[in-house]
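Trainee: I would like a close look at a single part of this model. Please take me through it step by step.

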Amino acid sequence: MTEITGDGRNAWRDLWVLLPDERHWSNAAQLRAHIARRLDKQPLSPAEAVAKAAKAMNTTLNAAMLLIQHVDHQPTTITERRFPKQRRAHDLLDDDH
């Protein structure tokens, strides 16, 4: 076989695969590289997975707290837009005196 193709051939690059439920053929080398990238991203241990999940939960909770602070702050800033020194006399209600 090497007499015909030479010794520099890589079967992964020459092989094309049609996966179940797919309409297009995929190159085996690209599929292999994709799987390798996915495996590299996976946690190495259960402890690492828990640490990543805890970090994600912490980030989510911090974002939720910021949103709550923003929502709580909005009503006070809207009602306090005009401080008493900037109010006109006819803006004051009888019970404001």
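Where is tryptophan 25 found? Please start there and work outward.

Mentor: Tryptophan 25 sits in the loop between strand S1 (16–17) and S2. Keep in mind that this is a predicted model.

Start with exposure. Tryptophan 25 has a relative accessibility of 55%. The cut-off for exposed is over 50%, so tryptophan 25 counts as exposed. Its side chain also belongs to a surface feature. Trp16, Leu18 and Trp25 make a nonpolar surface patch of about 370 Å².

Stay in that loop. Aspartate 21 also lies between S1 and S2. Its phi is near 65°. That is a positive value, and the residue is not glycine. Aspartate 21 has a relative accessible area of 83%, and exposed means over 50%, so aspartate 21 is exposed.

Now move on to strand S2, which covers residues 26–27. Asparagine 27 is placed in this strand. Its relative accessible area is 8%. Buried means under 20%, so asparagine 27 is buried.

What does asparagine 27 touch? Leave aside the neighbours within four places in sequence, and the contacts are Trp12, Arg13, Leu15 and Trp16. Trp16 is thus named twice here: it is in contact with asparagine 27, and it helps make the nonpolar patch with Leu18 and Trp25. Arg13 deserves a second look as well. The side chain of asparagine 27 reaches the backbone oxygen of arginine 13 at 2.9 Å.

The side chain of asparagine 27 has another partner, in the helix that follows. Asparagine 27 caps the N-terminal end of H3. Here a side-chain oxygen lies 2.9 Å from the backbone nitrogen of alanine 29. So the side chain of asparagine 27 pairs with the backbone of arginine 13 and with the backbone of alanine 29, while the residue itself is buried.

Helix H3 spans residues 28–41, which is 14 residues. From its first C-alpha to its last, H3 reaches 20 Å. That is close to the 20 Å expected at 1.5 Å a residue.

Finally, set this part in the whole chain. The protein chain has four helices and two strands. From the N terminus on, the order is α-α-β-β-α-α. The chain has 97 residues, and 2% of them count as buried. Asparagine 27 is one of the buried residues. The protein chain exposes about 9,300 Å². Carbon and sulfur atoms supply 60% of that area.

Definitions and conventions. Residues are numbered from 1 along each chain as its sequence is written. This is a predicted model: local features need pLDDT of at least 70, side-chain atom pairs count only at pLDDT 80 or more; totals for chains, interfaces and linings use all residues. Side-chain values use heavy atoms; hydrogens and water are left out. Buried means under 20% relative accessible area, exposed over 50%, partly exposed in between (1.4 Å probe, protein chains only). A polar contact is a pair of N or O atoms within 3.5 Å; within protein, one must be able to donate a hydrogen and the other to accept it, and residues adjacent in sequence count only if both atoms are side-chain atoms. Contact means heavy atoms within 4.5 Å. The expected span of a helix is 1.5 Å times one less than its number of residues. Patches are made of residues with over 30% relative accessible area and no salt bridge: like charges are joined within 9 Å, nonpolar side chains (Val, Leu, Ile, Met, Phe, Trp, Tyr) within 5 Å. Accessible areas come from the Shrake-Rupley method with a 1.4 Å probe; for residues, only the protein chains shown count as cover. A salt bridge is a side-chain nitrogen of Lys or Arg within 4 Å of a carboxyl oxygen of Asp or Glu.
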